[in-house]
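Biologist: I am new to this one, so could you walk me through a few of the terms as we look?
Modeller: Gladly; let's bring it up first.

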Amino acid sequence: MGRLEGKRVAVLATDGFEQSELTSPRKALEAEGAKVEVVAPHVGSIRGWKDKNWGDSVEVAVVLESARPELYDALLLPGGVMSPDQLRRIPAAIDFVGKFVAARKPIAAICHGPLTLVEAGAVDGRRMTSYASIKTDLINAGAKWEDEPYVIDRGLVTSRSPGDLPVFNEKMIEVFAQGPIVEEPVAEEAEEEEVEVEGAPAAEPEPAGGERVLVAPPPAPARRPKRKKVASTGARAKATPRKNGRHPKPRGAKQAPRRRAPKRR
C-alpha cells in the first residue's frame, strides 16, 4: 500500500509548462497510490515545453472554473516560463491556489511554479527556493529565499529546476502524506510566581485520591473595644470675662492678706 493511498492531488498548469516538472512528479505520486488530476483554464489538453521546443500534450481532467479545492488533499505547481506567467494573471487560478493556502493543505512548487503563490500572498515569511530568475520576485514578496535543492516550510515544498526532481519528488510525497498543517501551538505564558502573604489562609490541600477537601479559614482576630473618654475631674474651668482687667477668683478661695505700706516717720 502506497503512502498516498486514497489521497487526491490537483496539478494546476496550462500551455507552456515544463514537461518533466509535471510528468515526473505525477508519475511519482501515482506510484504511491494518489489520484492525480490536471486542472487547467480550458478543456481538452495542454501542451508542455521540452528542450526549447513544444513537447507532449496532457489531458485536462477538470476545468479551472469548475474545480473545487475542497475535494483535493494537496496541490502541485509545475514550472516552466509560460505556464506560471499566464496563471498568475487569471483570478480564478489565484483564488484556487489561495484556498489551498487558507486550508493549510500541502503544496509543492518547482522552478517558476511559486509565481502563483506570490500573487496569492502566500510567501511572506516563508523559507523557499525557486529558479534563480524569480528570486527577486519572491524576496520582494517577503520570502526568505535559499539556493538549495529543496526547501520545506510549513507544508510548502519548493525546488529550483528539473535537475532537483529526484529529491523534489521524494520530499513532496513525504509532505503530502502528512496532510494539512496543524495550527502551530502558542507559547505558554510564564506562570506567575506565588507570593506568600503573612496572615493569609493556607492553600487547600489536595489529597492523593484526587478529591478536594474544603478547609475552613482561620477565625479573624477579635477586635479590642474602643475605650470611652471620661472627663477629667481636674479639668480647668471655663474662662470668664475679666473685670477691671483681673480674672475673678473661684468661690471659696482664701484671699492673701494685703501688705500695707509702712508709715513714713
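Modeller: A helix here is a DSSP run of H or I at least four residues long, and helices are numbered from the N terminus. Please keep in mind that this is a predicted model.

Biologist: Thanks! What comes just after α1?

Modeller: That is G33, which takes a positive phi of about 95 degrees.

Biologist: How do you know that the length of α1 agrees with the span it should have?

Modeller: The 13 residues of α1, at 1.5 Å a residue, should span 18 Å. Its end C-alpha atoms are 18 Å apart, so the two agree.

Biologist: And why is α1 called oblique to α6?

Modeller: Helix α1 (residues 19–31) packs against helix α6 (residues 165–178) at an angle of about 50 degrees, and their axes are 10 Å apart. That angle is neither under 35 degrees, nor over 145, nor from 65 to 115, so α1 counts as oblique to α6. The crossing is right-handed.

Biologist: Which residues meet where α1 and α6 touch?

Modeller: From α1 come S20, E21, S24, P25, A28 and L29, and they meet L165, F168, N169, M172, I173 and F176 of α6. By class, this contact has eight nonpolar, three polar and one charged residues.

Biologist: One more: what makes H112 buried?

Modeller: Its relative accessible area is 8%, and buried means under 20%, so H112 qualifies. H112 sits in the loop between β8 and α4. Beyond its neighbours within four places in sequence, H112 is in contact with G79, G80, V81, P84, Y131, S133 and I134.

Technical notes:
Residues numbered from 1 in each chain as written. Predicted model: local features only at pLDDT ≥ 70, side-chain atom pairs only at ≥ 80, totals over all residues. Heavy atoms only, no water. Axes fitted to C-alpha atoms, helices over the stretch in contact; angles between N-to-C directions. Helix = DSSP H or I, 4+ residues; strand = E, 2+ residues; numbered from the N terminus. Left-handed = near helix turned anticlockwise from the far one by under 90°. Contact = heavy atoms within 4.5 Å. Nonpolar A, V, L, I, M, F, W, Y, C, P; charged D, E, K, R; others polar. Buried < 20%, exposed > 50% of the residue type's maximum accessible area, 1.4 Å probe, protein only. Expected span 1.5 Å × (residues − 1).
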